[in-house]
Amino acid sequence: MIKKEIPQNEWSNRLDTISSGNTGCMISINEGENLLVENRGLIAIVYDSTKEDSSITIDLDDFSHTIQNPRQMLLHRKSNGQLLYLEIVNSIGMVSFINFL
């Protein structure tokens, strides 16, 4: 597995690319050890840095989840380049996992 930290100045473009290349892909989201949702189709992942407090919103079929004040984003891929999951850490240390099924 290959893990890569994404610099914050690249988040918007990287998430746009991930969204466009994975629209309709089945997703599950975990926050810490809690499963929030699974097997929902991806609509978009959007980074909003226009507010004083930034956020990342994951829009799925019939579900939306927002991560407030993200501070770190890591991209996990298989050695063949296939996207496995995004790991996003917010300002209080809560880790969210966006898993690509």
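**Notebook: a sheet, a helix and two ring pairs**

I opened with strands E6 and E7, which run antiparallel and are joined by seven bridges. To fix the register, I looked for a facing pair and found arginine 77 opposite leucine 83 in E7. A reminder to myself: this is a predicted model.

Next I asked where helix H1 sits. H1 packs on the sheet and touches E1, E3, E4, E6, E7 and E8. I also noted its direction, which makes about 125 degrees with that of E3.

**Strand order**

In what order do the strands lie in the sheet? I traced eight strands in an open sheet, E1-E6-E7-E8-E2-E3-E4-E5, with antiparallel pairing. The edges are taken by strand E1 (2–5) and strand E5 (63–68); each has a single partner strand, so one side of each has no neighbour in the sheet. I then checked the twist: with direction ignored, neighbouring strands are turned by 30 degrees against each other on average.

**Around E3**

I followed E3 on both of its sides. Towards strand E2 (residues 26–31), strand E3 (residues 34–48) is antiparallel and held by five bridges. Here asparagine 30 faces leucine 35 in E3. The two strands make a hairpin with two residues between them. I looked at the turn as well, and glycine 32 there has a positive phi of about 65 degrees.

Towards strand E4 (residues 55–60), E3 pairs over six bridges, again in the antiparallel sense. My marker for this pairing is alanine 44, which stands opposite aspartate 59 in E4.

**Ring pairs**

How many aromatic pairs does a search of the whole structure find? It gave me two.

One of them joins tryptophan 11 and tyrosine 47: the ring centres are 5.1 Å apart and the planes stand at 75 degrees, so I logged the pair as edge-to-face. This pair links distant parts of the chain, with tryptophan 11 in helix H1 (residues 11–22) and tyrosine 47 in strand E3, 36 residues apart. Are these two residues buried or exposed? Tryptophan 11 counts as buried at 1% relative accessibility, and tyrosine 47 is buried too, at 14%.

The rings of tyrosine 85 and phenylalanine 97 have centres 5.8 Å apart and planes at 70 degrees, so this pair is edge-to-face as well. It connects strand E7 (residues 83–90), home of tyrosine 85, with strand E8 (residues 95–100), home of phenylalanine 97, across 12 residues. I checked burial here too. Tyrosine 85 has a relative accessible area of 18% and is buried, while phenylalanine 97, at 22%, counts as partly exposed. The cut-off for buried is under 20%, so the two residues fall on opposite sides of it.

**Nonpolar core**

Last, I turned to the largest nonpolar core, which has 22 residues. Which members touch the most others? My list reads Ile45, Ile56, Ile58, Leu86, Ile98 and Phe100. Two or more core residues come from each of H1, E2, E3, E4, strand E6 (70–77), E7 and E8. E3 gives the most, with four residues.

I picked isoleucine 45 for a closer look. Leaving out residues up to four places away in sequence, I found it touching Leu15, Ile18, Ser19, Ile56, Thr57, Ile58, Leu86, Ile98 and Phe100. Among these neighbours, Ile56, Ile58, Leu86, Ile98 and Phe100 were already on my list of core members that touch the most others.

Notes: Residues numbered from 1 in each chain as written. Predicted model: local features only at pLDDT ≥ 70, side-chain atom pairs only at ≥ 80, totals over all residues. Heavy atoms only, no water. Pairing = 2+ DSSP bridges. Phe/Tyr/Trp six-rings, centres within 6.5 Å; stacked < 30°, edge-to-face > 60°. Buried < 20%, exposed > 50% of the residue type's maximum accessible area, 1.4 Å probe, protein only. Core = buried A, V, L, I, M, F, W, Y, C linked by side-chain atoms within 4.5 Å. Contact = heavy atoms within 4.5 Å. Axes fitted to C-alpha atoms, helices over the stretch in contact; angles between N-to-C directions.
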